[in-house]
Amino acid sequence: DGNLRLIWVGSIDGRKNLELLLEALSTLDERDRSLRLDVIGDGPLKDAMQARARELALEDLVRWHGQLSRQETLQRFQSAHCHIITSLGEGNPTTLWEAMASGTPTISLDHCGMHDVICENCGIKIPLGAKKAMIGDLANAIRKLDNDRNLLRKLSAGCFKCAERFSWENRHQFFNRCYGNAIDHYNRMHS
């Protein structure tokens with residue numbers, strides 16, 4: 001339908017920080033509000049976040065799906081244009097790998113595990129700062145992808161290339177090298 005389709009997946013709680021995304025969406029003007037956000041998940045703040053979306057006049061933009069099966073979630077990733085992570089603290093969430101495998105670029109706060117995984121080839125990192133600045137930067141990133149579909153296609157293709165770097169085989173080799181280096185270092189220190 002030409003609308004930018006966003007996806008946010010997770011437990012709807014304070015740590016996952018969905019409100020940041022809702023507030024960013026509320027700053028977009030009417031022209032930029034042709035997008036759709038699929039929220040997949042449930043949690044203790046779901047009712048409060050649905051109320052917040054109503055307060056921010058986002059009812060037409062946000063679709064609340066609740067908890068879906070993994071297969072249904074993967075199908076949503078494959079039909080989305082962009083994945084959003086707003087977590088305040090996170091390792092490397094499974095949703096990041098699922099988005100990459102689906103060719104869905106991720107916009108995320110630039111910290112935790114996302115800092116080391118997302119690059120300019122597969123997503124957009126939002127610098128940490130004051131809440132107002134992060135809301136503005138997140139809104140600008142969404143607006144940029146909505147207005148530049150060539151960039152969106154480039155990032156989507158980049159997801160598949162970046163995903164190769166994090167394949168199980170490559171991660172297995174990486175961890176074996178780390179353990180090998182640690183053992184070698186220990187042996188040198190204790191010989």
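## Reading the core and the sheet

Mentor: In this predicted model, a useful place to begin is Ile 142, which touches Leu 4, Leu 6, Leu 21, Leu 25, Leu 28, Leu 35, Ile 84 and Ile 107, leaving aside residues up to four places away in sequence.

Trainee: Which residues have the most contacts inside the largest nonpolar core, and how many residues does that core have?

Mentor: A nonpolar core is a set of buried residues joined through side-chain atoms within 4.5 Å. In the largest one here there are 36 residues, and Ile 107 and Ile 142 are those with the most contacts inside it. Helix α6, spanning residues 131-147, supplies the largest share of this core, namely seven residues. Another core lies apart from it and has eleven residues, including Met 100, Met 114, Ile 118 and Cys 162.

Trainee: In what order do the six strands form the open sheet, and is the pairing parallel or antiparallel?

Mentor: Strands of a sheet pair through backbone hydrogen bonds, in either a parallel or an antiparallel way. Here the order is β3-β2-β1-β4-β5-β6, and the pairing is parallel. Because β3 (62-66) and β6 (123-126) stand at the edges with a single partner strand each, one side of each is left without a neighbour in the sheet. From one strand to the next, the twist averages 20 degrees.

Trainee: How many bridges join strand β4 to strand β5, and which residue stands opposite Ile 85?

Mentor: Three bridges join β4 (residues 82-85) to β5 (residues 106-109), and Ile 85 stands opposite Ser 108 in β5.

Trainee: Which strands does helix α3 touch as it packs on the sheet?

Mentor: Helix α3 (residues 70-79) touches β1 (5-9), β2 (36-40), β3 and β4, and its direction makes about 145 degrees with that of β1.

Conventions: Residues numbered from 1 in each chain as written. Predicted model: local features only at pLDDT ≥ 70, side-chain atom pairs only at ≥ 80, totals over all residues. Heavy atoms only, no water. Buried < 20%, exposed > 50% of the residue type's maximum accessible area, 1.4 Å probe, protein only. Helix = DSSP H or I, 4+ residues; strand = E, 2+ residues; numbered from the N terminus. Contact = heavy atoms within 4.5 Å. Pairing = 2+ DSSP bridges. Axes fitted to C-alpha atoms, helices over the stretch in contact; angles between N-to-C directions.
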